[in-house]
Amino acid sequence: MSELKLAILCCHYTNEATAQDVADIPAEVVIKRFPCSGRIEVVDILRALEEDAGAVLVAGCEKGSCHNNTGSLRAEKRVEAARKILEEIGLSPERVQMAFIPRLDTGALVEAAKRTFETLLEISAKGETSS
Amino acid sequence: MIIAERKPIKRILQMIEPFERIAVIGCRGCVAICSAGGDREVEILAAALRLARKRQGRPLKTVEDTFVRQCDPEYLTPLGELKEKVEAVVSLACGVGVNLAADLYPDLKIYPGVDTSFYGANPALGEWEEKCRGCGDCIIDFTGGLCPIARCAKNLLNGPCGGSQNGKCEIRPEVPCVWHQIYERLKARGELEKLTQIFPAKNWIPAGHGGPRERKRPDLQMNSQK
């Protein structure tokens, strides 16, 4: 894992942000899209960390606005499951964050990504090495 | 089905500590249905183990597969080739699968990735409840289909005990007293006379207290000597 890499796992319908939108974040930001945040599995989060991301942001639609009804609620549960696994292996669970984003609100997604990056910096400042 | 639960990852990491190449093998039987050892759990555990080992500076290579079942020899045959490619196997099958693999492949280092818990039902998503103890001497025809061996904390055959309060168990108050339920069920079915039978002390030999149990059907045994 790299302290300077952030992975955003995002529902395709929640947001269409591009790398350019998150260019202000002083880190390598990888955006991976899914047909629905409910399709994001625990293993997708873990693999993002394996692929050198220091933190992962899972972004889904605001509660009640997922067009698959429960997609982002499922994503939230998978984030919780991934966090428990990180705790088990001695990593800060805060490395994985969930954000409920208003549809097509790129600003909200970028803000959530910035918060995730700040959380990652805090974790690193505590001396937790991830690799 | 057989209900199992993944062991703590730290415990599994201890088991595989000496190895650099392992296989994580799931089972598409009961443990897949109870979300402990199917395809999804295999890839999650393998990723978690790799991540943990990467952090330790000792990268781990994993092979991931899920067999149709691990409780039948024919489905375990891939282990014959696999043991040449990896140093150890973590099986997410129930204890039956791990035991059978250990019987059939004595030189294979196979470790359990789950704790096998009980025989249970799946009343709702993400919930499993014990309903049967596999005691080998079923009496639920007398008890309205409700098992006092599995569902009474004291395994009482002639309950309820004095600790049954307002239909709840004194051991864990959130658990219904099965003997209370049995009474209500039989009453509703017009079968209360079944409670007039007094059960003698239970013979626990069919439950396994006489050693490992086995069942044989000579009519199905192609290689039977009899």
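Trainee: Which residue just after α8(B) takes a positive phi, and of about what value?

Mentor: This is a predicted model, in which local features need pLDDT of at least 70, side-chain atom pairs count only at pLDDT 80 or more, and totals for chains, interfaces and linings use all residues. Residues are numbered from 1 along each chain as its sequence is written, while chains are lettered from A and ligands numbered from 1 in the order in which they are written. Helices (H or I, at least four residues) and strands (E, at least two) are DSSP runs, numbered from the N terminus. Just after α8(B), the residue with a positive phi is B:Gly190, at about 70°.

Trainee: Which residues of helix α8 of chain B are buried, and why do they lie on the same side?

Mentor: A residue counts as buried if 20 or more other C-beta atoms lie within 10 Å of its own, as exposed if 12 or fewer, and as partly exposed in between, with C-beta atoms placed from the backbone. In α8 (residues 178-188), this holds for B:Val178, B:Trp179 and B:Ile182. They share a side of α8(B) because the arc they cover around the axis, taken from the directions from the helix axis to the C-beta atoms, is only 95°.

Trainee: What do the buried residues of α8(B) pack against, and which exposed residues does the face turned away carry?

Mentor: Contact here requires that the C-beta atoms of two residues, placed from the backbone, lie within 7 Å. The buried residues of α8(B) pack against α7 (148-151) of chain B. The face turned away from that buried side carries the exposed residues B:Lys187 and B:Ala188.

Trainee: In β6(B), what is the bridge partner of B:Arg6?

Mentor: Strand β1 (residues 2-6) of chain B has four of its five residues buried, so it is largely enclosed by the rest of the structure. Two strands pair if DSSP finds at least two bridges between them, and five bridges join β1(B) to the antiparallel strand β6 (residues 114-124) of chain B. Within β6(B), the partner of B:Arg6 is B:Val114.

Trainee: Which element gives the largest share of the side of chain A that touches chain B?

Mentor: In this interface, 12 residues of chain A are in contact with 13 residues of chain B. The elements of chain A that give two or more residues to its side are α1 (42-50) and α2 (71-88). The largest share, six residues, comes from α1(A).
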